[in-house]
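Visitor: I am new to this structure and would like to learn how to read it. Could you walk me through it, one feature at a time?

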Amino acid sequence: MEKHEINGPVHPSSSGCKGRTVRSPAHQPNFNSRAVQEALEYLASVELSELFNEAKIEYCRATRDLRRCGRYLKYVLNSCGHASLCAECCQRCDLCPICRIPLASGTNRRRLRLFDECIDAGLISRRYGDIFQNKEDRDDQMNADVQRLYSFFDVSLENNLVSLVCHYVTDICMDETAVSSDAITALLLDEKVVKDWVKRKFKNITTELQQIFLESSFKGRPLAQLHDLHHLQESILKTKQHLEIIMWCIRLQFLEHVRSRHANFTSWHNLVREIKSAATARAWPDVVDRSADSTRQDGSLFTEDALANLDIEQAYDQELGEESHFTFLLRDSASFSRSKIEGLIGCYPFESLQAAVDILFLRGSSDLVVAKQAIFVYYLFDRHWSRPEEEWRDIVDDFATSFGINRHSLVESFILCLLDNHTDEALQNPEAAHMVLRWSGRDGGSQLVSLSETVTVVWVKVECRLLTEAFTYQRMLCTKVREKNFKYGPSEDGQCRSWMDWTEILVSELCCLCIRRNLVDRIIELPWNSDEEKYIHKCRLDCATDDPSSANGSLLVVFKLQ
């Protein structure tokens, strides 16, 4: 089918760019007019499930002399929303031919369809709309309907409503329940239609850019135009990085079904202010100024330092005139605008996941994508870490896998998040500590570590009720120390000189922790060897002696009998 210009005729540019075409100023819509504003508001608020119906060409279904009227329809009925009657037939009919619902009384029976309202507003060329009113052009109605849908996408793209296209893909094309036996409707519901539109627009944009930069831009001012190309490349890279994160968020439904540890944004914002105050209070005095008037430095959080680095890069870009405009990608433009006024530091915590993606990946240099991803991981941890791990751990792992983030970087972001937090929960959270140990690869006993670190691992595992893992870990470490002693002799590092010392300390620590956490009965079930049993017996006997009324005495008898 012949491709018609949707948004009005095109004319050669007066700027001297050979081959470049732009819309004539005479055919530009008046965006201050009420008609244009109402048409755009109609487009922005239309139900996506109705958008493809608005794109379909309809003809009058009223019967005249045993034949249908068949006139092209520009209106829908207010009573039921069907495009079924032309203006003349609407005056003489009382019922909708499709659903048989009575028509509204008076003159308020019909309203313009979205496509025709855009034509009247000048957003779509009237010549383009007139094509479908001619009966000889009805044979290719399927392609015509697709072109009309494309016209809605074009208007959306040119008026910062590109999210309409995105939601049409996610909410309509990807909806498995959105099916139809009608061939035209089924085609309009197919994501291939949107893909073809994207390819067409990309080709048009590429052609225009080629004409701009390759035919005229390098004549006389190569350095200046090279600067423009660099700016274009930077904008494309940032857009690509942003869209990749958005695609991940869409796949996880923007975490709408994953509960945050914060009741709402206000409580999270207040907590960050408390954490900031605590950081200021514990900041070291200024080591340079030793005068009596010396005051404390303003304590900063790790996330503030990271965001400040992005702000520095953004300020540099603005000095060069390289601040890009990505309003067409924004879902929450208010947060993005505030970040430009108040700086990135003032935007944390981000008001939503969408705001976090927009602010991080559309600000600063594209070269800092690794730092931006680290801040985003920090944000995910800060949003969820005190919740049960099974609710959110898979989300962080999925993000790391999707964007090639290694385990060390994940652990680093998590530790920084906990260190920023001033609460006891952050400092004494066994689940968080166990996660750090597991991600660091130092909780399995495969490598020999210091005794103090081994005790810490045993403590973390017992606190997490992983008693069998704690038992296995201490057994494995003691075995490694024993093998090392036999091969090289006792160590001279001032810690423990024999593997028996390791065994006594670790077994006693494990037993005391279990007693403290009321897990004494589970100790009996573990397969202790004869060397370990001595320290179990001694530890429980000491506890039973200190507190005869406790259950340690009776359980000690059971242990001895076993």
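**Cores, spaces and backbone**

Guide: Let us begin inside. The largest nonpolar core has 48 residues, and Trp248, Phe350, Phe376, Tyr379 and Phe381 have the most contacts inside it. A nonpolar core is a set of buried Ala, Val, Leu, Ile, Met, Phe, Trp, Tyr and Cys residues joined through side-chain atoms within 4.5 Å. Buried means under 20% relative accessible area, exposed over 50%, and partly exposed in between, with a 1.4 Å probe and protein chains only. This is a predicted model, in which local features need pLDDT of at least 70 and side-chain atom pairs count only at pLDDT 80 or more, while totals for chains, interfaces and linings use all residues. Residues are numbered from 1 along each chain as its sequence is written, and side-chain values use heavy atoms, with hydrogens and water left out.

Visitor: Which elements give two or more residues to this core?

Guide: They are helix 10 (222–251), helix 11, helix 12 (302–319), helix 14 (353–361), helix 15, helix 16 (389–402), helix 17 and helix 19 (430–440). Helix 15 gives the most, with eight residues. Helices (H or I, at least four residues) and strands (E, at least two) are DSSP runs, numbered from the N terminus. There is also a second, separate core of 40 residues, which includes Val36, Leu40, Leu43 and Val165.

Visitor: What is Tyr379 in contact with, leaving aside its neighbours within four places in sequence?

Guide: Contact means heavy atoms within 4.5 Å. Tyr379 touches Trp268, Tyr348, Phe350, Ser352, Leu353 and Ala356 in this way.

Visitor: How do I read empty space, and how many cavities of 30 Å³ or more are there?

Guide: Rolling a probe the size of a water molecule over the atoms shows where empty space is left. On a 1 Å grid over the protein atoms alone, a cavity is a set of points where a 1.4 Å probe fits but cannot get out; a pocket is an open set with protein on both sides within 12 Å along at least five of seven lines, and lining residues have an atom within 4 Å of a point. Grid points are joined across faces, edges and corners, and a volume is the space filled by probe spheres set on the points. Here there is one cavity of 30 Å³ or more, and the largest cavity has a volume of about 70 Å³. Its lining includes Val272, Tyr348, Tyr378 and Asp420. Helix 11 (265–281), helix 15 (369–384) and helix 17 (407–420) each give two or more residues to that lining.

Visitor: And what about the second largest pocket?

Guide: That pocket holds about 300 Å³ of space. Of its 15 lining residues, Glu50, Asn53, Gly81, His82 and Ala83 are the closest to its centre. Helix 2 (residues 48–55) supplies the largest share of the lining, three residues.

Visitor: Where should I look along the backbone?

Guide: Try the peptide bond from Tyr348 to Pro349, which is cis, with omega near 5°. Pro349 sits in the loop between helix 13 (333–342) and helix 14. Next, Leu255 has a positive phi of about 55° although it is not a glycine; its place is in the loop between helix 10 and helix 11.

Visitor: Is Leu255 buried or exposed?

Guide: Leu255 is buried, with a relative accessible area of 2%. Arg100, also not a glycine, has a positive phi of about 65°, but Arg100 is exposed, at 52%.
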